[in-house]
2 protein chains.
Amino acid sequence: MHLTPALARLVQALGKLPGIGEKTATRLALHILNADRDYVESLAEAIWAVKAATTLCQECFGLAEGELCSICSDPQRSPEAICVVEEPADLMAVERTHDYRGQYHVLHGVLAPLDGIGPDELKIAPLLERLRRGRTKEVIIATNPTVEGEATALYLAKLIKPLGIRVSRIAHGIPMGGDVEYVDAVTLGRAIEGRREM
Amino acid sequence: MHLTPALARLVQALGKLPGIGEKTATRLALHILNADRDYVESLAEAIWAVKAATTLCQECFGLAEGELCSICSDPQRSPEAICVVEEPADLMAVERTHDYRGQYHVLHGVLAPLDGIGPDELKIAPLLERLRRGRTKEVIIATNPTVEGEATALYLAKLIKPLGIRVSRIAHGIPMGGDVEYVDAVTLGRAIEGRREM
């Protein structure tokens with residue numbers, strides 16, 4: 001392919017992003033080349049700045065700028081519930097529902113003994129510390145429905161219940177718009193198990 | 001959505017790239033946040049540098065760094081043929097075939113009178129100047145098979161033929177791996193018109 005050295009470097013760097021192959025990277029690079037200077041500078045600046053500006057919230061370990069994230073420093077959010085997620089992206093997904101007004105706690109992973117990830121590699125100790133402060137009435141565990149996510153949920157439940165705090169797990173079942181006929185057997189089994197009286 | 005200000009700026013900037021919606025932009029931004037510092041700096045630097053480093057070749061108006069592009073300064077390339085394309089991306093597409101060893105000329109657009117784009121807005125005068133130097137034996141017109149691309153091809157052919165230079169148009173027909181049954185009627189018509197003896 002005929003690319004100038006600067007374009008080739010950009011195509012290579014863009015091609016390392018997830019889901020961006022060489023063809024898409026070339027299209028994006030040519031777009032950037034033709035875009036106006038203000039936009040290109042703001043894009044480069046935003047990429048540069050995001051790592052420097054972003055910290056982990058010292059309370060929930062979600063993404064923040066400074067000590068506390070916008071949720072932990074929001075007095076409108078209820079201190080009585082903590083939703084436990086694996087990653088910051090999961091926190092964002094729950095926030096998008098606009099249904100939940102409590103706190104969060106980001107584990108930054110799941111228990112995976114085969115990969116050498118035990119409780120000490122996750123933000124579990126700070127979670128227990130938060131719970132011991134005594135304002136929390138319920139912990140909602142929203143780890144992914146994978147083997148590791150389930151194991152982590154069970155592990156946390158065993159630790160938290162003795163503190164006299166209610167522990168719940170988000171529901172698993174047929175997604176809205178899904179199809180009973182085509183959903184996989186494990187999900188359908190969970191949906192029947194988790195049925196609710198109407 | 002719960003995003004820190006720096007992440008929100010990055011999502012917004014990435015979301016302006018073609019084919020990147022808000023969801024993909026968020027995924028890319030989180031990837032960049034977690035990527036190692038060296039990579040992030042090289043990506044920002046590559047974006048920053050591409051506009052500054054890239055020039056137009058003074059001979060063919062393809063992308064270059066400096067006065068001449070790598071094709072125009074390559075003594076191995078035949079000076080006898082010039083392939084005329086609309087945009088630098090088209091030049092790259094022809095180069096990917098590895099079939100063509102001549103020169104190029106990038107018009108930077110097509111004739112579009114309704115949009116106010118006439119011959120003076122395109123790199124047509126420098127093309128004629130190159131042809132008058134007398135080394136070119138054939139001009140291959142590879143504008144797109146659109147109304148404007150066809151009109152531009154006809155316009156160029158009328159200008160170039162009086163110079164005693166052969167003018168050809170790239171073939172249009174059924175793409176390799178395509179299907180006679182499903183190809184559109186215009187393309188099939190062109191394929192029959194352009195048939196070759198076996």
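Across the interface of chain B and chain A, the rule finds zero salt bridges, a salt bridge being a side-chain nitrogen of Lys or Arg within 4 Å of a carboxyl oxygen of Asp or Glu. The structure is a predicted model, in which local features need pLDDT of at least 70 and side-chain atom pairs count only at pLDDT 80 or more, while totals for chains, interfaces and linings use all residues. Residues are numbered from 1 along each chain as its sequence is written, chains are lettered from A and ligands numbered from 1 in the order in which they are written, and side-chain values use heavy atoms, with hydrogens and water left out.

What, then, does the interface hold? Eight residue pairs, both at pLDDT 80 or more, are in polar contact between chain B and chain A. Such a contact is a pair of N or O atoms within 3.5 Å; within protein, one must be able to donate a hydrogen and the other to accept it, and residues adjacent in sequence count only if both atoms are side-chain atoms. On the chain B side, at least two residues each come from α1 (5–14), α2 (22–34), α3 (37–53), β2 (63–64) and α4 (88–96). The largest share, twelve residues, belongs to α3(B). Helices (H or I, at least four residues) and strands (E, at least two) are DSSP runs, numbered from the N terminus. By class, this side of chain B has 32 nonpolar, seven polar and ten charged residues; Ala, Val, Leu, Ile, Met, Phe, Trp, Tyr, Cys and Pro count as nonpolar, Asp, Glu, Lys and Arg as charged, and the others, Gly among them, as polar.

In total, 49 residues from chain B and 50 residues from chain A take part in the contact, meaning heavy atoms within 4.5 Å. Together the chains bury about 4700 Å², with 76% of it on carbon and sulfur atoms; this is the accessible area (1.4 Å probe) that two parts lose on being put together, summed over both. B:H2, B:I47 and B:K51 lose the most area in chain B, together 17% of what that side buries.

A turn of 180° and a shift of 0.0 Å along the axis lay chain B on chain A with an RMSD of 0.1 Å, by least squares on the C-alpha atoms of residues with pLDDT of at least 70 in both. The two copies are thus related as by a two-fold rotation axis. The same surface serves both copies, as 100% of the contact residues of chain B recur in chain A. Of the residues of chain B, B:A44 comes closest to the axis, at 2.3 Å (C-alpha).
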